[in-house]
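Me: I want the reasoning behind the labels, not just the labels. Take me through it step by step.

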Amino acid sequence: MCHADKDAKNAAGKSIAVDGAKFAGSVHGELKLECTNCHADVAADKIPHADKLKPVDCATCHGKEAKEYAGTVHGTARKGGSTLAANCTDCHGTHDILRSKDAASRTNHANVEAMCSTCHGSEAMAATGKLPGGNVGGKFHDSIHGKALKGAAQGSAPTCNNCHGSHNIRPKSDEGSRTHRAKVPETCGSCHKPERDAYVNGMHGKLRQDGVLAAPGCTDCHSAHGIEQHDAPRFQTEVIKECGNCHGDYLSTYRDTFHGQVTELGYARMATCASCHGAHDVLPASNPKSMVSKENRLKTCQTCHAGASPNFASFDPHASKHDKARDPIYYYSAKFMELLLLGVFAFFGIHTVLWLYRELAEKLARGKGGGNGKERH
């Protein structure tokens with residue numbers, strides 16, 4: 001009688017209109033719930049009711065979900081007084097709540113990104129709410145996962161709640177979070193099982209299993225929300241820098257090589273770290289299964305250099321001109337070239353200065369001769 005009026009507003013000027021058709025088609029409408037099932041402080045015999053009602057308590061029916069929510073980043077923020085943190089109605093709606101399997105539901109797999117992005121895809125909201133990561137919605141939207149959600153893989157491509165959870169979203173600093181550093185390989189591995197298995201058996205994965213969380217994981221190389229296609233030239237050349245975060249000395253010597261100099265220009269046709277060491281299954285050179293072990297090194301080189309010989313493969317790709325113990329010939333050759341370069345510049349520098357001095361002296365002498373036009377030889 002009151003809320004069917006589209007223009008109905010409360011004393012504060014907020015709309016209190018309810019679309020009866022939408023409510024009837026909602027999950028609550030299907031269950032034949034009455035208004036008073038949610039608005040518990042309203043009774044049919046006390047109409048009109050008070051202008052200000054108690055907030056609806058979803059925990060009355062959804063106790064498990066409400067309990068999980070209370071300990072999440074959103075629930076904790078709400079307890080701390082934040083009015084921006086998402087609550088039940090922000091994600092599910094109010095009188096128009098639909099089942100997640102319904103294509104029109106906000107929580108349908110295909111719509112979760114858009115729903116989360118109302119907060120996490122807004123630069124203004126990210127700044128106001130000091131949201132971690134800033135506009136992560138925009139990054140995800142342009143990522144390989146975000147693009148897959150718009151294509152044929154819409155039903156299987158991961159979206160926000162596949163990695164973060166739904167009612168149990170916790171900060172990545174929480175050991176129980178699916179995005180905690182120790183849990184990331186398992187979270188990503190739920191979709192990428194072959195890559196996870198390779199990683200677990202590689203040296204990085206084994207370090208993680210030994211509790212060394214500083215060892216790189218999926219997000220260190222691929223990032224979290226802005227994941228790119230792994231065979232894209234931009235990714236292949238940029239990920240080299242990620243390797244250098246831990247292996248700075250090797251990155252430095254790699255950049256001295258032809259491969260390193262060309263990839264630094266952005267060209268992915270040259271060998272990168274992963275080309276020689278592998279990507280997810282990186283193993284130490286002492287392991288016979290390693291791509292750079294003495295048993296496999298020639299084969300690895302031949303993937304690009306078909307006619308490579310054993311002598312070709314003996315080249316040290318990380319030789320350092322600063323490490324005399326590792327390669328004395330290279331060390332002294334580099335020193336010789338540096339001295340030669342300095343000598344050449346010094347010789348011709350002095351030669352130029354002396355020649356300039358001579359030219360100036362002759363011009364001064366001609367000037368003192370009265371300018372009769374005769375040149376002295």
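Reply: In this predicted model, residues 24 or more positions apart account for 37% of the contacts in the protein chain with a separation of 6 or more. Of the 377 residues, 21% count as buried.

Me: What makes the protein chain more spread out than a compact globule?

Reply: The chain has 21 helices and 0 strands. Its radius of gyration is 34 Å, and the globule rule gives 21 Å for 377 residues. The value is well over the rule, so the chain counts as more spread out. Along its principal axes, the C-alpha trace spans about 125 × 70 × 40 Å.

Me: Why is H16 called oblique to H17?

Reply: Helix H16 (residues 233-246) and helix H17 (residues 248-255) pack at about 135°, with axes 5 Å apart. Roughly perpendicular ends at 115 and roughly antiparallel needs over 145. The angle fits neither class, so H16 is oblique to H17.

Me: Which residues of H16 and H17 meet?

Reply: From H16, Ile-240, Lys-241, Gly-244 and Cys-246. From H17, Gly-248, Leu-251, Tyr-254 and Arg-255. By class, this contact has 4 nonpolar, 2 polar and 2 charged residues.

Me: Why is Ser-290 called buried?

Reply: Its relative accessible area is 1%. Buried means under 20%, so Ser-290 qualifies. Ser-290 lies in the loop between helix H19 (273-277) and helix H20 (297-302). Leaving aside neighbours within four places in sequence, Ser-290 is in contact with Leu-283, Pro-284, Ala-285 and Asn-296.

Me: How do you know that the side chain of Ser-290 makes a polar contact with Val-292?

Reply: The Ser-290 side chain reaches the backbone nitrogen of Val-292 at 3.2 Å. The cut-off is 3.5 Å. The pair is within that limit and counts as a polar contact.

Methods: Residues numbered from 1 in each chain as written. Predicted model: local features only at pLDDT ≥ 70, side-chain atom pairs only at ≥ 80, totals over all residues. Heavy atoms only, no water. Helix = DSSP H or I, 4+ residues; strand = E, 2+ residues; numbered from the N terminus. Buried < 20%, exposed > 50% of the residue type's maximum accessible area, 1.4 Å probe, protein only. Polar contact = N/O pair within 3.5 Å; in protein donor to acceptor, adjacent residues only side chain to side chain. Contact = heavy atoms within 4.5 Å. Axes fitted to C-alpha atoms, helices over the stretch in contact; angles between N-to-C directions. Parallel < 35°, antiparallel > 145°, perpendicular 65-115°, else oblique. Nonpolar A, V, L, I, M, F, W, Y, C, P; charged D, E, K, R; others polar. Rg over C-alpha atoms; globule rule 2.2 N^0.38 Å.
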